[in-house]
4 protein chains.
Amino acid sequence: MVVVMAPGATPADVEAVVYLVQSAGGQAFVSRGLSRTIVGLVGDVADFEALNLGSLPGVLQVIRVSVPFKLVSREHHPDRSVIRVGGVPIGPGTLTVIAGPCAVESYEQTLEAARLARSAGAALLRGGAFKPRTSPYSYQGLGEEGLRILAAVRAETGLPVVTEVIDPGSVGMVASYADMLQIGARNMQNFALLQAVGSAGKPVLLKRGFSATIEEWLSAAEYIAQRGNLDIVLCERGIRTFETATRNTLDISAVPVAQRLSHLPVIVDPSHSGGRRDLVVPLTRAAIGVGADGLMIDVHPEPKMALCDGDQALPESDIREIADIVVSMPPLLGRSLTLPAEAAGQVPAGV
Amino acid sequence: MVVVMAPGATPADVEAVVYLVQSAGGQAFVSRGLSRTIVGLVGDVADFEALNLGSLPGVLQVIRVSVPFKLVSREHHPDRSVIRVGGVPIGPGTLTVIAGPCAVESYEQTLEAARLARSAGAALLRGGAFKPRTSPYSYQGLGEEGLRILAAVRAETGLPVVTEVIDPGSVGMVASYADMLQIGARNMQNFALLQAVGSAGKPVLLKRGFSATIEEWLSAAEYIAQRGNLDIVLCERGIRTFETATRNTLDISAVPVAQRLSHLPVIVDPSHSGGRRDLVVPLTRAAIGVGADGLMIDVHPEPKMALCDGDQALPESDIREIADIVVSMPPLLGRSLTLPAEAAGQVPAGV
Amino acid sequence: MVVVMAPGATPADVEAVVYLVQSAGGQAFVSRGLSRTIVGLVGDVADFEALNLGSLPGVLQVIRVSVPFKLVSREHHPDRSVIRVGGVPIGPGTLTVIAGPCAVESYEQTLEAARLARSAGAALLRGGAFKPRTSPYSYQGLGEEGLRILAAVRAETGLPVVTEVIDPGSVGMVASYADMLQIGARNMQNFALLQAVGSAGKPVLLKRGFSATIEEWLSAAEYIAQRGNLDIVLCERGIRTFETATRNTLDISAVPVAQRLSHLPVIVDPSHSGGRRDLVVPLTRAAIGVGADGLMIDVHPEPKMALCDGDQALPESDIREIADIVVSMPPLLGRSLTLPAEAAGQVPAGV
Amino acid sequence: MVVVMAPGATPADVEAVVYLVQSAGGQAFVSRGLSRTIVGLVGDVADFEALNLGSLPGVLQVIRVSVPFKLVSREHHPDRSVIRVGGVPIGPGTLTVIAGPCAVESYEQTLEAARLARSAGAALLRGGAFKPRTSPYSYQGLGEEGLRILAAVRAETGLPVVTEVIDPGSVGMVASYADMLQIGARNMQNFALLQAVGSAGKPVLLKRGFSATIEEWLSAAEYIAQRGNLDIVLCERGIRTFETATRNTLDISAVPVAQRLSHLPVIVDPSHSGGRRDLVVPLTRAAIGVGADGLMIDVHPEPKMALCDGDQALPESDIREIADIVVSMPPLLGRSLTLPAEAAGQVPAGV
């Protein structure tokens, strides 16, 4: 940390800072300038934060220079991680596609969507049984019945299942069906939920909150990691800005930035970020181009009948273009498409 | 709702919209223009949303024109509500101050802070026992021990207690100690938690999420109201913007806007919005000026020793100015300060 | 400035920073920590910026700790300034109201609006002859004819004139009519225009850009001051955020923040920030409460006939409330309403 | 346009809207619902805007449903345009790279940067002679001397020149040297400047303002087009958001959105958006992936000596990767790299 003293700070003000830092077991180095004095702190940031140095007389500003997360950072784990979900890898060297319906509506709809997902190159099936919705009057999902459907479709198609959990009290139940637990954007700072999934023994897909900084996102991942679970995949899905032409603004730069700060894989959701079906294909290409480790795409057999977010789900007619992209682009970046586990001999429609 | 057809929409495209709306039990009125055709929809919005009209051929845009909340809206309840917390009113005609420490650290610190709160004109005591923090390495609160301290300080001072709850599983326990349950900004869209406090039988203080629109804030209140609990107070506490001079940007306009849309009381937190002690007094005056129904202010007997957010807590030396303001300004707006319940004969320090 | 070295920086990397800083005539103080080394720089920031220290090997981050403006800062001029416009003061101790029509449309409309402005307590008349509009198809103003009308209305009412200039080439012409030159929000970083008004010999009203930080706003003021003109009044008029319930989000905290950083007066425009007539009165009270040195309010004799921003202009029926507020509230903050120069014996309608 | 009546609007309120619209030469279609009445308007939007319908009694909201730009829209010109700059095409089917130093510092530096630009695959040379800077104490450029250097380097290398103009008064002078006039982000709504370049007879590169919506960006282009100049290229360069890890947030979705709304080419600046050298390569790949018609990249022979934005300029060692990308990726999207005009036989270093 760096403490910047105000222009009128007295020598006693500076000494007070030094004294407190040393009392807390740290070291303080004073740089006196013509108009500013700066104190560099060496030691444990958590100890220094408890000192409330910003409240001392003569202190203008306290600047933190190390990151508030450790277990998920590359400083402590320089190599990028590969996370396995039901045997399917997500990480460097591969491009892994997760696809499926936004909401599980029925066995037939989910099975049909899973087939579309495979055609699009997906190795993992997504589908929501619990849907957090802005309005209490919107469709809230099938609940545990939806999880049973997902498990049945997994048995049929061989695709491991990624599904959202929204309540700490139901983490165990959801984990008994799912291969990967998803934390949605609105729950990214639901710390009770983060701690619960940290103890659940299943990989976690952590969506970025739509107004979370990258640092807050990684701090949320740290909550999960602290409970002993480092099988975390980060998912960029758009942030809230002033622009209204798209539902959110896909922060494409967040992918390489997060990959430099953290060893965890980073994937992109091109469906929810734009909220427009006509943007899914170009944003998929952008995500692969920027170096994402995977994609999460909404597909629905009949988008106009979808109970949730039908405006962005891809119909069958658009699947082939995705399938082409996920096969042809990754080799330019030294990656290859992750094929479905039990069907490694099959190739997606686009090949 | 209004459906705007694309420039090249065919008559059949328009008919398809009309047909679907009528099939769903609604009425559709077509306005044909030179370059645009518009279809006005009359009926139940929820029915129309399930139609996914935005996915139909020839449809450019679907515009919703009614609000997604009902129970908390002034359309359904034109008079502004007064909510009572341990007998203390919050609503039109009064200015009610909630004050106390950001975090409960000990009985002595909380009792001393409660005395400062009374001096500042507070009729309710705030204090956090469960602290949701961005970093898992920051102070997380005393938990149930903190709640026992709050209850003891209430017994000593007569101030009803407002405290945060962060986990649906502990709502019952927290409600057994608290007079009012606070939902923090990060949990504003934690729907499982909203539903739990909706059933807990205690008034709720709902902080606005730092990147929630006013409409989303009121929709979150609707989740609580749906469970039968209309004793909700809204608290504006700053939104996330590009400006970094303040921790958040206090959206002062949100107070009159929310008061026009909803019958619920709206208060302001001048401490967390700015995140700077030197802004608490001017933002308090701004909040009273704009017509807030109350204030929520951090006070701490020794801010530089505070374990949480010490940069913004007001020390005793600043309390008198707050006490002056909350007595002198409200009469200009037809309001009067709410005095503490058991101490109606006492007057705050500033009188 | 502070240079933060990366975890793996070598001693040679640190020495390179020290050497370059010393070569540029500065001093460098090194603080070595366990995981980080920090170098504090003392000297001229402009010299250091030319070094591009951020590009050196082993450098993680370069943090600037002094502000990029001098002439307008309180560090160099601790007392807050009073600016005079045609004899009318704006600054500490007073509340000065500028009011008038958004756009000058005719002599009659402007004269009538000026009378409304006086009734509202205004000592200065605003009115736009050149209107920068987002769409080229919107009304663009009367041009020089509008300036002649403003001058005629000044002769009739005694109110000095504040009007916008949008092109460096017409600054001299506008200055020949106006008592104060306004720089609009969209032109806040039109540096050619800032320099032109800096040399024009007339006070300047500098509106904050709707996405400018406070630091950028003060840097824009510094451009004007550099040309020798320190008669600058800052005007907060709302910033662009994700919230759509109001046209912009009034950043009420910016008033005390800017007043602490700069000696220049800071006023608030409650009309353009909200963009809604029903918010003008509450935001006016909030602005006075927060400690603004003045107000800038749109008034129009017939808002529904206004050619520009009619949605926010106050009709005569609302004027009395403003007049009451600007007389009754300022004394609570140690201020008094600035009365019109030639009419010091008159009092506004609200008294 | 659509007028939404308030719940309590009377039949007379609705009739007033209809009457005014018809008086203005338009048609009004009334849709009466249970809780809302909607009036659809057909006719000239500019006429309706002058009516200030939002100010009428009983009117809740006025919604505009057509875009405020015409000449640059695809509604009026469905085929996407190809713009030629000194003979070099920018538009569909090609990928055109503009590269060069942020600021022209000397003939040698500019010539060397131009050679790097060619190596990177550039067909056009960028370089700033007039630099709009936030602080008046930052480097402001060489002025006309910089333009002479650019012209000399063009003569030497054959690369047409793109350079920024910041003052309407100097547009003619700059146009006498440049092949394409650049409008920078801060001047995107400097309407006097837009009109001046609209009459200058040279193609224009219009950067998106860092807080401009896509609609405002296209409206700014409309200002240029209105003066008879349709040779406009749009450049996305990042928007201002809450995220501070990058200087701005590249709005990658804006490329396909703008290409759907407008027939003008859209390029991306991966250097200024991130403001970090380590993001230039991944953002270049993302831009090509999303379907951009071109790129604008900062290169500098010695970034650590750069007088402006050295943190983001690419050194020679990174050029080869860009050269590889711009050759290998475009064919996947049906595009090919635009080769420099006079050197069509040469191929960039990466081939």
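**Close-up views of a predicted model**

**View 1. Helix 6 of chain C and its neighbours.** In this predicted model, the buried residues of helix 6 of chain C pack against helix 5 (171-175), strand 10 (180-183), strand 11 (204-207) and helix 7 (214-226) of chain C. Look for C:Phe191, C:Ala192, C:Leu193, C:Leu194, C:Val197 and C:Gly198, which are the buried residues of this helix. Because 6 of the 8 residues of helix 6 (residues 191-198) of chain C are buried, the helix is largely enclosed by the rest of the structure. What does "buried" ask of a residue here? Its relative accessible area has to be under 20%.

**View 2. An open sheet in chain B, with a helix across it.** Here you can trace 4 strands in the order 2-3-1-4, paired in the antiparallel way. Which strands of chain B sit at the edges? They are strand 2 (27-32) and strand 4 (59-63), and each of these pairs on one side only. On average, neighbouring strands in this sheet are turned by 20° against each other, direction ignored. Strand 2 and strand 3 (residues 37-42) of chain B are joined by 6 bridges in the antiparallel sense; in one of the bridges to strand 3, B:Arg32 has B:Thr37 as its partner. Helix 1 (residues 11-23) of chain B lies across strand 1 (2-5), strand 2, strand 3 and strand 4, and runs at about 160° to strand 2 of chain B.

**View 3. Chains A and D around a rotation axis.** Turn chain D by 180°, with 0.0 Å of shift along the axis, and it superposes on chain A with an RMSD of 0.1 Å. This is how a two-fold axis relates two copies. To find the axis in the picture, start from D:Ala286: among the residues of chain D, its C-alpha comes closest, at 2.0 Å. The copies meet through the same surface, because 100% of the interface residues of chain D are also interface residues in chain A.

**View 4. Where chain C meets chain D.** A turn of 180° and a shift of 0.0 Å along the axis lay chain C on chain D with an RMSD of 0.0 Å. How many residues of chain C are in contact with chain D? There are 46, and they touch 46 residues of chain D. About 3500 Å² is buried between the two chains, with carbon and sulfur atoms giving 46% of that area. The interface also holds 2 salt bridges. A salt bridge to look for joins C:Glu216 to D:Arg240, whose closest N and O atoms are 2.6 Å apart.

**View 5. Salt bridges within chains B, C and D.** Over all chains, the count of salt bridges comes to 56. In chain B, the side chains of B:Asp298 and B:Arg126 meet at 3.2 Å, N to O. B:Asp298 belongs to strand 14 (residues 294-298) and B:Arg126 to strand 8 (residues 122-126), so their pair ties together parts that are 172 residues apart in sequence. Are these partners buried or exposed? B:Asp298 counts as buried at 0% relative accessibility, and B:Arg126 counts as buried at 3%. In chain C, C:Arg126 and C:Asp298 form a salt bridge with their closest N and O atoms 3.2 Å apart, and both residues are buried. In chain D, D:Arg285 and D:Glu321 meet in a salt bridge of 3.8 Å, N to O. This pair links helix 10 (residues 280-290) with helix 11 (residues 316-328) of chain D. D:Arg285 counts as buried at 15% relative accessibility, whereas D:Glu321 counts as partly exposed at 41%.

Conventions
Residues numbered from 1 in each chain as written. Chains lettered and ligands numbered in written order. Predicted model: local features only at pLDDT ≥ 70, side-chain atom pairs only at ≥ 80, totals over all residues. Heavy atoms only, no water. Buried < 20%, exposed > 50% of the residue type's maximum accessible area, 1.4 Å probe, protein only. Helix = DSSP H or I, 4+ residues; strand = E, 2+ residues; numbered from the N terminus. Contact = heavy atoms within 4.5 Å. Least-squares fit on C-alpha atoms with pLDDT ≥ 70 in both. Pairing = 2+ DSSP bridges. Axes fitted to C-alpha atoms, helices over the stretch in contact; angles between N-to-C directions. Buried area = accessible area lost by both parts, 1.4 Å probe. Salt bridge = Lys/Arg side-chain N within 4 Å of Asp/Glu carboxyl O.
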